[in-house]
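Hi there,

Here is the structure I promised to pass on to you. Please open it alongside this email, and then read on for what turned up.

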Protein chains: 2
Amino acid sequence: MKTSTPSSSIEDYVKVIYSFTEWQDKPITSTRLAQRLGVANSSVSEMVRKLKDQGLVDHKPYSAITLTGDGVRLAVSMVRRHRLIETFLVQELGYRWDEVHDEAELLEHAVSDTFIERMAAKLGNPLRDPHGDPIPAADGSVQVPAAHRMNELDAGHTGRITRISDENPELLRYLAAEEIDLDAEVEVLGRRPFGGPLVVRIGSGGTPREFDLAEEVASALWVHSEDAHAGCSVTGP
Amino acid sequence: MKTSTPSSSIEDYVKVIYSFTEWQDKPITSTRLAQRLGVANSSVSEMVRKLKDQGLVDHKPYSAITLTGDGVRLAVSMVRRHRLIETFLVQELGYRWDEVHDEAELLEHAVSDTFIERMAAKLGNPLRDPHGDPIPAADGSVQVPAAHRMNELDAGHTGRITRISDENPELLRYLAAEEIDLDAEVEVLGRRPFGGPLVVRIGSGGTPREFDLAEEVASALWVHSEDAHAGCSVTGP
DNA sequence: CTTATTGTTTCGGTATGCCTAAAAATTATC
DNA sequence: GATAATTTTTAGGCATACCGAAACAATAAG
Ligand SMILES: [Mn+2]
Ligand SMILES: [Mn+2]
Ligand SMILES: [Mn+2]
Ligand SMILES: [Mn+2]
């Protein structure tokens, strides 16, 4: 069973399932999906059945939910839309990086393929969005940079910030105020005693400064280490 | 009874009611509204009741439908959205004027006020859209140029094209191919015998050329005459 | 003025997508 | 291995927005 054009709800479900496994690989469950989407568990159960009928997910009752090939294709195209729109809002309309997510969440369902491709062309086919998330190419291929959460790094580790989780707008505003941005050089100095905040040196542009980062902040920052062999994994098309 | 944020359907209903009386003043009936919206008459009856409950229209069963003050305000803001989006698509993303309507029809419901105002600023607060339709200001005031349909003009009349109906995309493509554009100077030469096509001289940019225009074409072109007293009517805020 | 014709509304029904509460399956604890 | 806790699904409902068919009003025609 398939539908000509998926509804915006279906697009969001598939996108959230995909995004969940993008920076880690625990498979997604009904409850987590419900949390991410802000709906009741029962709504997810019903919707997952519909997604299965349409061939977008594989699902056995009471187990995890995974995307089919068609599901991945749809999800990747939605992720491309979302991130291109975010980039466009920042670059062309002067949005701040903490303002773009909600707008993109709606626009991604409303614009045509033509709109997306003209926008991409105008932006010069960017490879990442304002938060460092990779923008899938039009053919569906994705380049995910190899990166680790800053809070998981040992003292002495150096690298560059390659991604900043866009889940919490307040955190983004805090980082902007502190001028912590993508591509800033980072050195992990250590931890305050008794599992205290992470101490790091960050030099974005000017002189490097030291920061005591709370766990929530450090875990939102993804660092790409600079050793020669750290590449990036390419998926698809 | 009122709703916090009107649904896209309600926005479209109100916008169509408003637009119907923008270039002429027959009041709109259920059937015509249904035709414009592409829905069944029965759907309009139900929806008009809802619009009335929300204080957006006045309506006595079996008679015409008119907007209340609130209805006009909502409609004008939707018209502003629609036309700014059309203008943006043409100016910033290289759309042709026959491609913008459908895209704007969806986007107008999806973008935020912030988006609209940043777009307007970037475009320099334009006063008309790619088809010459006036763009209401943010405060709700509208400047409608005084204009007449070309097919209603007598021989000898001169003026400039100030508006081109965007209802028929094919007609827009035809006009673009013939390089008939907004602001072109026009002189009505007369009619072919027995109620035949209208003969006009149009000079858009280069040398004036003569055209035999079918009724459908001539009635889609609105001409602003150049005599001193022709102004424009301002409505609102 | 009475009967057609046309326009409009009401009625019953469908498709989405969400909810709460109850039932069922799974997993954890004893 | 049996019971308790948690997760997931099912059941019954609600809101929105549409439809076709039937009922009802308002005109038009005879
Ligand atoms: Mn979305
Ligand atoms: Mn992002
Ligand atoms: Mn619309
Ligand atoms: Mn227009």
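Below are some notes on how the two chains sit together and how they meet the DNA.

Before anything else, please keep in mind that this is a predicted model.

**How the two copies are related**

Chain B can be superposed on chain A by a rotation of 180 degrees, with 0.0 Å of shift along the axis and an RMSD of 0.0 Å. That is how a two-fold axis relates two copies. If you want to find the axis from chain B, look for A110(B): its C-alpha is the one in that chain nearest the axis, at 3.3 Å.

**Where the chains meet**

Each side brings its share to the contact: 18 residues from chain B and 18 residues from chain A. The copies meet through the same surface, because 100% of the interface residues of chain B are also interface residues in chain A.

Between them, the chains bury about 1500 Å², and carbon and sulfur atoms give 57% of that area. Three residues stand out here: L93(B), F115(B) and R118(B) supply 37% of what chain B buries against chain A, more than any other three residues.

R118(B) also takes part in a salt bridge, with its side chain meeting that of E99(A) at 3.6 Å, N to O. Across the interface there are four salt bridges, and eight residue pairs are in polar contact. On chain B, the elements that each supply at least two residues to the side touching chain A are α4 (69-93), α5 (100-110) and α6 (113-123). Of these, α6(B) gives the most, with five residues. Sorted by class, that side of chain B has ten nonpolar, three polar and five charged residues.

**Around DNA strand C**

Which residues come nearest to DNA strand C? Of the 23 around the strand, they are S7(A), A40(A), S43(A), T31(B) and H59(B). The residues of this surface divide into seven nonpolar, twelve polar and four charged.

On the DNA side, 63% of the strand C atoms within 4 Å of the protein belong to sugar or phosphate, and the rest to bases. Some side chains to look at:

- K50(A) has a side-chain N or O atom 3.3 Å from a phosphate oxygen of strand C.
- S45(B) has a side-chain N or O atom 2.8 Å from a phosphate oxygen of strand C.
- Y62(A) places a polar side-chain atom 3.2 Å from a sugar or linking oxygen of the strand.

Two or more residues of the surface near strand C come from each of α1 (8-20) and α3 (41-53) in chain A, and α2 (30-37) and α3 (41-53) in chain B.

Happy exploring, and best wishes!

Terms used:
Residues are numbered from 1 along each chain as its sequence is written. Chains are lettered from A and ligands numbered from 1 in the order in which they are written. This is a predicted model: local features need pLDDT of at least 70, side-chain atom pairs count only at pLDDT 80 or more; totals for chains, interfaces and linings use all residues. Side-chain values use heavy atoms; hydrogens and water are left out. Copies are superposed by least squares on the C-alpha atoms of residues with pLDDT of at least 70 in both. Contact means heavy atoms within 4.5 Å. A residue is near a molecule or strand if one of its heavy atoms lies within 4 Å of it. A polar contact is a pair of N or O atoms within 3.5 Å; within protein, one must be able to donate a hydrogen and the other to accept it, and residues adjacent in sequence count only if both atoms are side-chain atoms. Helices (H or I, at least four residues) and strands (E, at least two) are DSSP runs, numbered from the N terminus. Ala, Val, Leu, Ile, Met, Phe, Trp, Tyr, Cys and Pro count as nonpolar, Asp, Glu, Lys and Arg as charged, and the others, Gly among them, as polar. Buried area is the accessible area (1.4 Å probe) that two parts lose on being put together, summed over both.
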